Structures are given as C-alpha cells and as structure tokens.
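Please work through the following exercises with the sequence and the structure at hand. Each task is followed by a solution in steps.

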Amino acid sequence: MQTAPDPALLLARFQFAFTVGVHIVFPAFSIGLAAYLAVLEGAWLRTGRQVFLDLYRYWIKAFSIVFSMGVVSGLVMSYEFGTNWSVFSRKAGPITGVLLSYEVMTAFFLEAGFLGVMLFGMNKVGRGLHFAATCCVSVGTLISMTWILASNSWMQTPRGYTIDPATGRFMPDDWLAIIFNPSFPFRLVHMGLAAFLSVAFVVGATGAWHMLKARRAGAIASEPVRVMFSMAMWMAAIVAPLQVLAGDAHGLNTLKYQPVKIAAMEGDWDTEGRAPEILFGIPNMRTERTDYAIRLPLAGSLILTHSLDGKVPGMKDFPRDQRPPSPVIFFSFRIMVGLAMLMVLVGFWSLWLRRTSALFTSPVFHRVVLCMAPAGFIALLCGWVTTEVGRQPWTVYGLLRTSDSVSPIVLSSMAVTMAAFVVVYVIVFGSGLGILLRLLGRAPVEGEQGASPAHPADVLATHTHPGIAGPIPGEGA
Amino acid sequence: MMDFAHWLPIVWAVILVAAISIYVILDGFDLGIGMLFALERDRGRRDVMVNTIAPVWDGNETWMVLGGAVMYGVFPGAYATLLPAFYLPIVLMLLALIFRGVSFEFRVMTRETAREGLWEMGFLAGSAIAAFSQGAILGGVIQGVAITDGAFSGGALDWLTPFSALCGVAVMCGYALLGATWLVWRTTGVLEASCRRWAGRLAIALFLAIVAVSLWTPLLHAPYLRRWTDWPNILFVAPVPVLVVVLGGLLAAGLRRGHSRVPFLCALGWFFLCLSGLGITVWPYAVPPSLTLWDVSSPPSSQFFQLVGTAILLPIILTYTIYSYRVFRGKVTEADGYH
C-alpha cells in the first residue's frame, strides 16, 4: 500500500490540476478558432463574399476574449512549475524548461505580436498584411501546441537523456530524441484534432441557437448563421471519425509504452488473452477487482490489440505503488469515448440531413447540436485527466515520483492560495464565460463590425437582427 | 568544455537581465496606466489611456513568460529556489495580473451593466497589486533567501520586510511614472496636461524612493557595500548615481517645457540605471547570498541548445514587435480609435 498521502502534496497536485484544467480550455479554443478565422478571412479574400467577412468579424470578438483568458491563465502555468514542483523543475528543467522557452520564443511572441494587428489593424495595414497577421496568430497557436505536447510527451515517454548521478538531474543528450519521443506524434495529432472538434461544436451550437431563435420568430436564419452552421457540421463529419482513428492509434501507443495506464483505464486486473471489455464497473484499488462490472466478451482484446486473442495487461502485473488511480481514469476515459461517439453520430446525421436538404430546417437536429456545445471541451478535459492521472504516481514516467517532485511549501500557504485561485478563477472565468455567451447570443449580421477598443458600444447590443431579438443566454443563468 | 561551462551562464545572465528589463519597461507603462486610473475618473479619457496599450499589452506580458521560461530552462536551480521562496507574492502577482489582463476586454464588454465597476476596479487594483508584488519580490531577492542544500529552507513570509515593502512602493511609483510619461507622449489635450502634472509628482516620489533603496541596499550584506566603495570599483560604479541625478534634471525640464518624448525616455533611463545598479550589487549571485549563476545553471548542453534558438529568434521577435508598435504609432485621442 502507498503511505498516507501528504496533504500539502495533495493540495499542490489539486492546485496544479485546477489551474491547468481551466487553462487548457482556452488554448484549445484559440487553436481551433484562430484556424477558423484564417479560413474565413482567406475565403473572403478569395471569393469577396461579404458573409465570410461578417463571420470573421463576429468570431474575432469571441477570439479576443478567449485569447486574453488564455494569456492570463497561461502566465500562471509558466511559474507554477517552480512554485509547486520545484524539485521536478530543478531535475527536469534542463529539458522541459528549454522546451518551454522555445515555445515562448517561437509561438507566444508570434501570437501576441500579431494579435494587435489582427484585432485592431484591419484599416491600418491593408488586407493582405492583415490576412498574414491572422495566419501568423493561427500558426503561433499550432507551434505552441507542438512544443508543450513535446514537453508533456517527454514526461510520459522520456527519451534522449542521461541522469546525472551526483544531482539526479536529467541531462539532455539528443534533442531530436527528446522532442520526437514515442508518444509525441500521437498526442499531437489527438490534441490538435480535439481542439478543432471542440471549436466546431461551439460554432455549430452557436449556429443552431440562432436558427432555433429565427424559427421561433417565424423568420429564416441569416446567411452568416447558415454558413457557420454548415461549416461546423462539415468539420464534425470529417474530424470526429478521424479523431476516433487517432485516439485508437494513441491507445495502442500507450499500450506499448505505458501498459499499466491502459490496465487502469480499462479496470483490468489480470493479464489475459481473449479479454472482455468492461463497459461499466467500479474499480477498487484495495480489493484489486472491478465491482459491478458489465463485460462485453472478447471486445477488450479486439479494441486494444485489434485481434480477438490478443493479450491485454492487468494491474496485478505491476507493483501496487506503481499503479495509477484506476477509478478516476476508468470513468474519465469512458466519458471521453462516449462523447466522441456522440460527436461522430452528429457528424453522420448532418451528412444525412444535407443529402435530404434538411440541414437548416430540422429543429430536432439543431437542439441536439445546441446541447452538444460543450461536448468537445468536456471530452478534451476528460482525455487530459486520463493521460495525466494515468501517468501517476510519476511526473517523469518511471523515473521521478510525483511525491519526490513537490516544493517545500507549507500546507497553510498552499491552502490560502488554493482558496484564492478558486475564488479568482470563478469570478474571472465565470464572467468571461458570461460575456462570451452574451456575445454569441447576438446573431451575426450583414455588415458586422470588428473588434474595436474605441467604439465599445458596437461590440454588444447595437445590432439586433430584426425579428430575431430574443433572450440572451447566460444572463440570469 | 570548461570554458563553455563558465561562459554560457554569463551570456545567459545577460540575456535574462535584458528580458526582465524589457518586461519591466514595457509592462511597466501598462501597469502604470492601470494605476493612473486612480487619478483619472473620466470614462472617455480612461478609454484613451487603455487604447494606447490595447494592441501591445499581450506582447509586453509575454516578456514575463519568457523570463520565467528562460529561468526554468537555463537556471533551474534559481527557478526551483526563488519560486518556492516567493510563493505567496508570486501567486498574488499572478492573480493580480489575471484581473488586470482580462479587464482590458471585460471593462468594455460589461459597459452599462452592473459588473462594469468591478472590471474598472480590477484594472486599477490588479495593476497596483502586481506592481507592488514585483517590487517586493525584487527587494526580497536583494535581501537574500535562506538556502540549505540548494533548496529553499526559509519561512512563507520571510520575503516581507520593511525593505521589500519599500521596494514594492518604489516599483509602484516607477511604473506609474512610466505610464504617465508614456501618456504624455501618446495623448493630447486635457489628458496630456494631467499626465504632465502627475509625472512631475511621481518623479519626485520615485527619486526619493531610489535614494532610500540605494542607501539601504549596501547595508544588507557586506559584499554589497564593498562592491560600491572598494577602490577601483568606485571609478566604474560612480557614474550610475551621477547619471540618475542628470536624468532627473532632464526629466523635470522635459515636463516643464512641453517635450513630448523626452520625459518617457528619461524615465526609461532611470529604470535602466536602477537595474544596472542592481546587477552591479548582486553579481555574480543568482540567489543571494549563497547561490551563484554557476550553482544554479542547467548543463551546457541545455544552455547551448537554447542559445542557438535564442540567437536566431530574439532578433526576429524584436523586429516584429517594433513593427506592431509602428502600426499603432502616433497620438491617440477620444475621437479616433483604430477604425
């Protein structure tokens, strides 16, 4: 059995998980939305159709909110490695710190440097340069994701290092091996698709909301609404199935390099061939069994090894003090997979409706898409819980324990800052969400205004589409 | 290899100090403008103040992220001791910067609603608390950190002393001065006139604070005092205080004679001199009074790999940062925004 957990360690972990969990939503949102904005502006420049410019100006307001929340929550992360995990930082900093520095220099500056031009510079620099600025911001978000996932993946599947016997530090030997470690390509693709899919469902749900509102008012939704809904549903139809394939490949990769993580995700205790898949159950770390299990014969082997008699690992093959907490990741994994399946279904449904020309006229479908608004983000967060909690009890997999990584911070300090983080995050990001919902609750109109610090009144409230003025979601919620 | 291990940390110390200086100057005037909200209540003029920095503040704050990341990568020993040592003020600063950062958007987006006041206040208080925390952390580093076996071994409130509090107030005055002189440069009319007035008073306050900190610092540790008084050191360091006085004179003259850019440049000069003085004082310690640069460095393979990228990327970053400043150059008034 593991020894009783130190409360300061638990709080340090919880604080980090809370702050990074809030943070991760915003960069994912920015990755997807920046790419969408680049596509919209590109389409506008190519076709000259006003609808693309209207949509660009509509979504850039949401982008400016999301991006600024990402910046401020990300600033916390760049210091929290040191405040909460100083031993980890000292030992792994020669590798992870360098990767983070490259992220700042290749991505953060690029994004921040061109964000001002993107938000406020349309009339100052001309169309071509403005489009270049949008592309720079979008590319910046992708570069940022690449570096941080290289660093995260190195913690999962460390390569290219030697451990200095005197200090216990990880010394870099081969930077290519460090960056292109075995789980990196899989995690990169999986996360990138997750970001695109999450944003597709937010854009789709926004479109669905405005179509439902227009329908209630007896009007036809405006062109920008229909175009954004259609674009989002194309993304769902294409990316959701791709994500299933990517997730499957990532799972196989994890099985190869972190088999105990897979065993804990599946609630499997004994290594066996022709293994069933446990659809539901409650893994019990103490009794080493999964209670109330509902098993689907052979499916476990089929899913994990793509063969009916493939061998699937069980947690009992690994010492108790090296097993991740199965009850957490068993469920987070299932929520993620369940939502993924729903997203795939929505994608296929949209294709069917398109065939019958009912994409814009099916209120049932629009209601479903509206309910799916947070599906991508919830799945993304559950995926992160699965991979990060599944890495436990290590920070650097198999080499440095989480309990040996923590800072010498006293419990009282941790408790005070934890409370402060929760209060501030609830106020700030709760308000941000409210503002975002208010922005998206207003339909895009023809001749949409851009983001402007000087004429703030334009941002909200001035343009109400005739006939579709309705209650604002988020108000009073 | 021996040479590498000796020189790389020095090169990195220079780069890190440069990055921190750039941060202090750029976000300094942003935070200063936030604090000046306390003196300017008119909403239209507040909008102008914010509009002078809205397109660039993101990039300015990125220098702080760079500072953290570079320290993490090339001086992990400092990152792993200073951050736990200053845990509380760092968290306070981060939370304040969160409020300040989102207030740029939120104060506009919540206009004419019940929440408007919260974000106007968030911008002001966030800026003030962030500035104070940064000064207090700086003061805390100068006064020294308790280290045992390369790890922080002090208490949670060790950093809070009269000296660090003085440094906190000094940085608040300094940032407010940067903000006021920036606005003298970038605005017109009533706002510019107010800023000239405020800048004059802030300059006096900052000058007194600089004198107080400068007299107090050498008394903290004997090596600090020797650095400033030993022969022939004194020949090289004496110009620093002399230049502070000269720049103060220029600043006052610039404000009085209606110069647009001179006051801001003089304020920048003061910051440069103060940071230089600080560097002279603590060199070669990364975590005074016990850990030197070499004690806290990552291996040469890390520092070298990062240096290659930095040598290529930093000039590019500076180029497009300057470009984005140029796009939004010129005076900002209430009548014109960015459309």
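**Exercise 1. Describe helix H6 of chain B and state what follows it.**

Solution. Begin at the end of the helix: the residue that follows H6(B) is Gly144(B), and its phi is positive, near 110°. The model is a predicted one, and the angle is therefore a computed value. Next, take the extent of the helix. H6(B) runs over residues 116-143, which gives 28 residues. From its first C-alpha to its last it reaches 41 Å, close to the 40 Å expected at 1.5 Å a residue. Finally, consider its surroundings: 22 of the 28 residues are buried, so that the helix is mostly covered, given that a residue is buried if 20 or more other C-beta atoms lie within 10 Å of its own.

**Exercise 2. Carry out the same analysis for helix H7 of chain A.**

Solution. First, the length: H7(A) covers residues 184-216 and has 33 residues. Its first and last C-alpha atoms span 48 Å, close to the 48 Å expected at 1.5 Å a residue. Second, the burial: 28 of its 33 residues are buried, and H7(A) is mostly covered. Third, the end: Gly218(A) follows the helix and has a positive phi, near 75°.

**Exercise 3. Is Tyr325(B) buried, exposed or partly exposed, and why?**

Solution. Locate the residue first: Tyr325(B) belongs to helix H14 of chain B, residues 300-327. Then count its neighbours. Tyr325(B) has 15 C-beta neighbours inside 10 Å, and therefore counts as partly exposed. To place the residue further, compare it with Thr113(B), which is 212 residues away along the chain; the C-alpha atoms of the two are separated by 33 Å.

**Exercise 4. Examine two of the spans of chain B that UniProt annotates as "transmembrane region".**

Solution. The annotation comes from an unreviewed UniProt entry, and the spans it covers include residues 198-219 and 262-283 of chain B. In the model, residues 198-219 are 86% helix and 0% strand, with end C-alpha atoms 32 Å apart. Residues 262-283 are 95% helix and 0% strand, and their end C-alpha atoms lie 31 Å apart.

**Exercise 5. Why does the radius of gyration of chain B agree with that of a compact globule?**

Solution. Start from the chain length: for 339 residues, a compact globule would have a radius of gyration near 20 Å. Chain B has 20 Å, and therefore agrees with this expectation. Now add the outline: along the principal axes, its C-alpha atoms fill a box of roughly 60 × 40 × 40 Å. Then turn to the interior, where buried residues make up 51% of the chain. Of the contacts with a separation of 6 or more, 77% join residues 24 or more positions apart. The secondary structure of chain B consists of 14 helices and four strands.

**Exercise 6. How many residues of each chain are in contact, and which element of chain A gives the most?**

Solution. The count comes first: 63 residues of chain A are in contact with 65 residues of chain B. Several elements of chain A each supply at least two residues to its side of this contact, among them helix H2 (50-84) and helix H14 (411-441). H3(A) gives the most, with 24 residues. By type, the residues on the chain A side divide into 39 nonpolar, 22 polar and two charged.

**Exercise 7. What confidence does the predictor assign?**

Solution. For the complex, ipTM is 0.90 and pTM is 0.90. Chain B averages a pLDDT of 90, and 98% of its residues score at least 70. Among its elements, helix H10 (residues 233-237) has the lowest mean pLDDT, 80, and helix H7 (residues 162-186) the highest, 95.

Technical notes
Residues are numbered from 1 along each chain as its sequence is written. Chains are lettered from A and ligands numbered from 1 in the order in which they are written. This is a predicted model: local features need pLDDT of at least 70, side-chain atom pairs count only at pLDDT 80 or more; totals for chains, interfaces and linings use all residues. The radius of gyration is taken over C-alpha atoms; the globule rule is 2.2 Å times the number of residues to the power 0.38. A residue is buried if 20 or more other C-beta atoms lie within 10 Å of its own, exposed if 12 or fewer, and partly exposed in between; C-beta atoms are placed from the backbone. Two residues are in contact if their C-beta atoms, placed from the backbone, lie within 7 Å. Ala, Val, Leu, Ile, Met, Phe, Trp, Tyr, Cys and Pro count as nonpolar, Asp, Glu, Lys and Arg as charged, and the others, Gly among them, as polar. pLDDT is the predictor's confidence in each residue, from 0 to 100. The expected span of a helix is 1.5 Å times one less than its number of residues. UniProt positions are given in the numbering used here, feature names are shortened, and annotations may be inferred rather than shown by experiment.
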